[in-house]
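Open the model in your viewer and keep the residue selection tool at hand. The stops below can be taken in order.

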Amino acid sequence: MSFDSISAGATGCFPRRAHTINATDDAHTHTVAVYMHSFNPDCENDTVHLEVHKRCTTEELIEKVLAGRAELEGQSVQDFDLFEMMGTPDGQTYKERRLDPGEYPVAVQAIWSRLPVVVDSATPKNRFVFRHRGYRAATGGTRFGSAEVASSIDAFLTKFLVQPQDREYADLCMLPELTEQTLLDNLRERFANGHIYTYIGPILVAVNPFCFFPIYNPKYARLYFQSKRLGSLPPHIFAIADVCYHNMLRIKENQCVVISGESGSGKTESTNHLMSHLISLSQKGSTGCSTEQTLLSAGPVLEAFGNAVTLTNNNSSRFGKFIKINYRENGMVSGANVEIYLLEKSRIIFQTKGERNYHVFYYLLEGADEEERKKYFLLKPNDYKYLNQNEPFVLEGVNERNEFDRLRHAMSSVGFCAKTQQTIFGIISAVLLLGNITYIKVSRHGYHSDESGYIENEEVVDLVANLLHIRTETLMQALTMKRHVMKTETVVLRYSVSEATNTRDAMAKCIYNSLFHYIVLRINQALLKKDFSAGKGYYIGILDIFGFEDVGAQCNSFEQLCINYANEKLQSYFNQHIFQFEQEEYLKEGISWTNIEYTDNTECVQLFQVREEFQIHFH
Ligand SMILES: Nc1ncnc2c1ncn2[C@@H]1O[C@H](COP(=O)(O)OP(=O)(O)OP(=O)(O)O)[C@@H](O)[C@H]1O
């Protein structure tokens, strides 16, 4: 799924971004709509539509706006800013970002989410807003479309700030009686009153509302900017970001936020909120701005290659990630880095009923033009074994052709040139075609290896070799022969049909996995080159990994084993820090305390870690 397909629930920061531009298509102009001062959907006079070139910078666009408005005659470009905003069509601003003077608004706009077919007042959309620099200071905040909307937002903010202390507990540690039932009741009660966040001491529990909540707009961000202590304001994801940032500056140590939860619980959305708030918190220099832009452009690229439709989430991340935002000692962002873990490779060759392969396959097949179809030897999704094992289904509200367009824009903006993109899409097609290679058993009388597998459709191998720029014979050998290196000689044997099929699938998984790692590497290069002079500094890391998985009727695979082991390990770390170390500290200091019983998973973790006990040794 793309952002488009979340009709009411689209959240996150600006999901798609661009600040570089392809050299091609220079002759065309593009229409950019700019809202004056505020977003007012009812007032057409407040909107300027400009035909601009792709390479028109923010500064030039501001110049054009000034030139076209009589009331702004004589004003200086330097006194105005262009903001990229996200919010609902009724004018609620959900998130805003000031564009750099050198940024290209056309490129930014090109990677915005397309609106779903059905748009309602809760469907967030992006837009540009033109503002005087003194605007915020003069009005104290974002101006909304109408007084009615403004007052409803203020009412929401007031309700958010004044949360009842007697019936609902913003911190579950304050519950007079702590049982599973009271805990759940309290979460339910708070959720029903629109409070999706609750603390358990320093831990934030987020209950996914699956609908748009106007609690991430700049008003909320500003509220939390100065809150150095958790609990001084109502629970919010921004508060976690604030505390991390201020702790990092105060104790001069790296910080880490661990986000965990089952699939679809909102980990990626929370990561986005944290990331964008962490970047806005720092006194941004140009590095902070460009890091934010690159990180946000990287989002759609990682999403296309690493996310897929699953039974629980239309846009499920099938890999874990650790995003490090690097800061200088003075608290300014100096770059970032993304580490990825355990891409779900089995999905490339097989998907459970009701699920799909990685988004990028469908985007390419839908979005490629005629020339590209020929160049990459593309077929229809149903013609590929890796895509047709389940009933095909169309994702409501997602236009994969548009998604492909946007993916290309996002790739350009993180530095993938047109040639590299072509190579990448060629590899994607090669992975799909690999799955179509079939084997037959050829019986050779008088020859002992009756089980040998031979390729039935060699013409497909030709196509794959062509796309991967390797020799057909080499690929053919790799797909049918194995080598045994003995002491004095090397023996080459032909695979059986089932061995050859497994080899083919392993090759497809390996190629896709390497491609994904290459893409992450390139994204990291783009993020790192931002600041060579960083010197000493710290980082705040955000770990967004899969929660425990049990695929139910299907058998859990090796991937589930690894995921669940990682979660057990995290749980064990958590138990140690929250229960064991804390209680040991109380004992040491002579504080009277009744020990809390908790389920200790040390034995489970050791089962995996101790070599003698488990066949596979995990480090
Ligand atoms: N804070 C939020 N406000 C509104 N909607 C949200 C929020 N968090 C999550 N959602 C909704 O829930 C959906 C699933 O969230 P998300 O993709 O972040 O889950 P996840 O835990 O990362 O899942 P997975 O592990 O499968 O990747 C989002 O697409 C969004 O519609």
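A residue is called buried here if 20 or more other C-beta atoms lie within 10 Å of its own, exposed if 12 or fewer, and partly exposed in between. Keep in mind throughout that the model is predicted.

**Stop 1: a covered helix**

Select residues 359–367, which make up helix α11. Which residues in α11 are buried? They are H359, V360, F361, Y362, Y363, L364 and L365. That amounts to seven of the nine residues, and the helix is mostly covered. For the protein chain as a whole, 36% of the 619 residues count as buried.

**Stop 2: the whole chain**

Zoom out and colour by secondary structure: there are 19 helices and 17 strands. Now colour by domain, using 1–142 for domain 1, 254–545 for domain 2 and 558–609 for domain 3. The centres of domain 2 and domain 3, taken over C-alpha atoms, are 35 Å apart. Six residues from domain 2 and four residues from domain 3 take part in the contact between them. If you draw a contact map of the chain, 71% of the contacts with a separation of 6 or more link residues 24 or more positions apart.

**Stop 3: the nonpolar core**

F361 in α11 is buried, and F361 is also among the residues with the most contacts inside the largest nonpolar core. Select A241, L278, V301, I325 and V431 along with F361 to see the others in that group. The core has 109 residues in total. Helix α17, residues 497–528, gives the most to this core, with nine residues. Domain 1 and domain 2 each supply at least three residues to the core. In soluble globular proteins, nonpolar side chains tend to be buried together.

Centre the view on V431. Leaving aside neighbours within four places in sequence, V431 is in contact with I348, A508, I511 and Y512.

**Stop 4: a four-stranded sheet**

Next, show the strands β8, β17, β11 and β12, which form an open sheet in that order with mixed pairing. Why is one side of β8 and of β12 left without a neighbour in the sheet? β8 (255–259) and β12 (333–341) stand at the edges and each has a single partner strand, so one side of each has no neighbour there. On average, neighbouring strands of this sheet are turned by 15° against each other, direction ignored.

Look at the pair β8 and β17 (residues 537–544): the two run parallel and are joined by five bridges. To pick out one of these pairings, select Q255 and its bridge partner in β17, I540. Then add helix α7, residues 237–251, which lies across β8, β11 (320–328) and β17. The helix runs at about 155° to β8.

**Stop 5: the annotated loop**

Select G261, E262, S263, G264, S265, G266, K267 and T268. The UniProt annotation "binding site", from an unreviewed entry, covers these residues. E262 sits in the loop between β8 and α8 (267–281), and S265 lies in the loop between β8 and α8 too.

Are E262 and S265 buried, partly exposed or exposed? E262 counts as partly exposed because it has 13 C-beta neighbours inside 10 Å. S265 is partly exposed as well, with 17 other C-beta atoms within 10 Å. Not counting residues up to four places away in sequence, E262 is in contact with G547 and F548, and S265 touches N208 and G547. Selecting G547 therefore shows a residue in contact with both E262 and S265.

**Stop 6: two backbone outliers and an exposed loop**

Most residues other than glycine have a negative phi. Select K252, in the loop between α7 and β8: its phi is positive, about 55°, although it is not a glycine. K252 is exposed, with 11 other C-beta atoms within 10 Å. H469 is found in the loop between α15 (458–468) and α16 (472–480) and also has a positive phi of about 55°. H469 is exposed, with 10 other C-beta atoms within 10 Å.

Finish at T488, in the loop between β15 (481–485) and β16 (490–494). T488 counts as exposed because it has 5 C-beta neighbours inside 10 Å. Draw a distance from its C-alpha atom to that of H53: the separation is 68 Å, with the two positions 435 residues apart along the chain.

Notes
Residues numbered from 1 in each chain as written. Predicted model: local features only at pLDDT ≥ 70, side-chain atom pairs only at ≥ 80, totals over all residues. Pairing = 2+ DSSP bridges. Axes fitted to C-alpha atoms, helices over the stretch in contact; angles between N-to-C directions. Contact = placed C-beta atoms within 7 Å. UniProt positions renumbered as here; feature names shortened; annotations may be inferred. Core = buried A, V, L, I, M, F, W, Y, C linked by C-beta atoms within 7 Å. Domains from an automatic or database assignment.
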